[in-house]
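Okay everyone, thanks for coming. I've got one structure to walk you through today, so let's put it on the screen.

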Amino acid sequence: MKLSTKVTSAAIAAGLAFSVSAQAEELRLLTWGGYAPQQVVDMFEKETGIEVKVTLSNNEDMISKLRATRGAGFDLAQPSQDRVASAQQEFRIYKPIDISKLDQSLYIQSMLKSTQESTSVNGKPYGVPHVWGTSGLIANTASGKTQYSFADLCSDDYKGKVSYRLKRPTLIAFAFDMGEDPFAAYGDPAKYEQILEKVQDRLISCKDNVKAYWSGGDALINLLRSGEVTLAMGWDAGGWKLNKEDKDINFVAPKSGALGWIDTFVLPAKGKNDDAAYKWINFVNRPEIAALITASAGQFTASAGADAFVEEGLSKSYKASFNQAALDNIKWYPPVPAGLETIEGKVLDRIKAAQ
Amino acid sequence: MRTLTGKRLALFLLLTPLLLYLFLLILLPHLEILNISLRERVSYGVYKFSLASYQEFFSEPLYWLTFLRTAVMSVLTTGITLVIAFPVAWYIAKVARGRSKSVLFLACLIPFWVSELVRTYGWMILLRETGIVSNLLQFIGVVDGPVELLYNDVTVMVGLVYTSMLFMVVPLVSTLEGLDDSMVEAAYDLGGNGWNALKEVVIPYAMPGIVSGCIVVFMLTLGNYLTPTLLGGKDSLWFTEQIFTQFITRFNWEQGSAFGILLLTLSSLMVWLGLKLSRQSFSETVGR
């Protein structure tokens, strides 16, 4: 064979290989850490032949990423339900969900319905529930204290041993603790600002209590594990993870109620593979798959039958954190109207800047 | 129009990548940022022209105080880096010979083979309350309980100086190497002492290197994000952090862009002022 034919055939072979790989279906998923464990990704690929490309993110980052590309680059994203409607109204980065393509029997019905309502824009639903959880307190309970409130973060008992996130959940939590109802004030920016200013003064006055503001779940777990922090505001999953290692540390629902959030599935406006997206949504809500995600994220899902598959240790920690009263007392985030973030942003900046 | 001759065409072709880079990746994004910074959100997806974002910077003390703090700490960092780097550069350029010279230079360079993030986490492991330094101090008996060395301005400063060292040492070494030893000898011959020689001969000669090193370090420190955020903890307040939060967590691109433009303008102004005060020109120092 002459050299030129060799080169040509090699080029053809390379071209073929390229076109084959370009044809393999893929699903570009923008999600949170732990929501798409490798095991589940592999099982999905084996069953459907679709390759899942996972990008880890958080609420603000997801919206910012999709806003920058006007909804391109991903086929499926997972923002929290209270952040879907306003982002859609403001930036038009999602497309409506076709409910008929979902296997609705797999869901906890009340959660499916409330998520659809809270993520609706112009009568069309944009979100399906997936994983839910709460923010509350993670405490070292060795002292024997049983009743906790968010105000304890400001108490002298924990001077220099406290950590929380300098983000909106902290503001909301303190507002509830001070007897206000920030959710009711969502529609009234002036009232909301007033409430937040009270929270701001409170948080500045007890800033000395704070060891560090945490920004990622792992950073918080490290602070608690090393004992540098003994009381923190954080997610339930983090508390339960620590509870496995050290039975003194656990998640506690505070007196004013834990703050409940639901992370959803949404379709980015310029997603290229909606079919694969629906397949993934239906796949991960099967009870046995949902239980695998619960095991990896430490967080419970909207899948109805998954409880039966959840490992014993986790459900024990869960029961220690939530009795029926604490469950009923969970404050679920209503959709955030656009514009509040600016008010919150300034308050957070002022707290951060205070010496 | 005249047709391009071969030489000119070659020049244009050679310049094309640079021009494309400057235009597409530097100029165009900045114009877009300027454009975004000059508008204000009215309602969902509706914007109008406004200077509100710039007004916000000057009317809200929080923002310009943050900028001031960032600028002052950057100047301080630049000064400290210069004081530490000058003797090092002098030793490398003038005292060390042959092999030890390149070894010393390499020693300055090696820390920069790992990324800034890893280096900063290295500092965190050393300085945290349950970290190595704290444990060592307790072991020797200097302190009774664990000490927290992270999350204060001094730590931020240490981290920033450490990160900037190389960028000061390199320009200093290259200028000092050109200094003829006989000039220093002449200073002594004329009855001067060590201080006179340094002040009248070495520093004026090294001025272009000092200024270009200072400009680079100042700009890098002012634009640094990781080190102040990670080492500063709850009290860290850095202007770039403000820009980041405006863009990413507040979705307020208008404000973030305005801050970006202000950072660019104000820092350029400070560099210009520095050049005026040291009576150097930009082309003489950085252009060399």
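Quick bit of vocabulary before we start: when I say helix or strand, I mean a DSSP run, at least four residues for a helix and at least two for a strand, numbered from the N terminus. Counted that way, chain A has 14 helices and 15 strands. And keep in mind that this is a predicted model.

Now, the overall build. Along its principal axes, the C-alpha atoms of chain A fill a box of roughly 85 × 45 × 45 Å. How does the radius of gyration fit with a compact globule? For 355 residues you'd expect something near 20 Å, and chain A has 23 Å, which agrees. Buried residues make up 45% of chain A. If you take the contacts with a separation of 6 or more, 77% of them come from residues 24 or more positions apart.

Next, the domains. Chain A splits into domain 1, which is 3-132 + 261-328, and domain 2, which is 135-260 + 334-353. Their C-alpha centres lie 28 Å apart. Where they touch, domain 1 of chain A puts in 20 residues and domain 2 of chain A puts in 19.

So who's doing the touching on the domain 1 side? On that side, α4 (84-91) and α12 (312-321) of chain A each supply at least two residues. Which of the elements gives the most? That's α12(A), with six residues. As for the chemistry, the domain 1 side that touches domain 2 of chain A has nine nonpolar, eight polar and three charged residues.

That's my tour, thanks!

Conventions:
Residues are numbered from 1 along each chain as its sequence is written. Chains are lettered from A and ligands numbered from 1 in the order in which they are written. This is a predicted model: local features need pLDDT of at least 70, side-chain atom pairs count only at pLDDT 80 or more; totals for chains, interfaces and linings use all residues. Domain bounds come from an automatic or database domain assignment. Two residues are in contact if their C-beta atoms, placed from the backbone, lie within 7 Å. Ala, Val, Leu, Ile, Met, Phe, Trp, Tyr, Cys and Pro count as nonpolar, Asp, Glu, Lys and Arg as charged, and the others, Gly among them, as polar. The radius of gyration is taken over C-alpha atoms; the globule rule is 2.2 Å times the number of residues to the power 0.38. A residue is buried if 20 or more other C-beta atoms lie within 10 Å of its own, exposed if 12 or fewer, and partly exposed in between; C-beta atoms are placed from the backbone.
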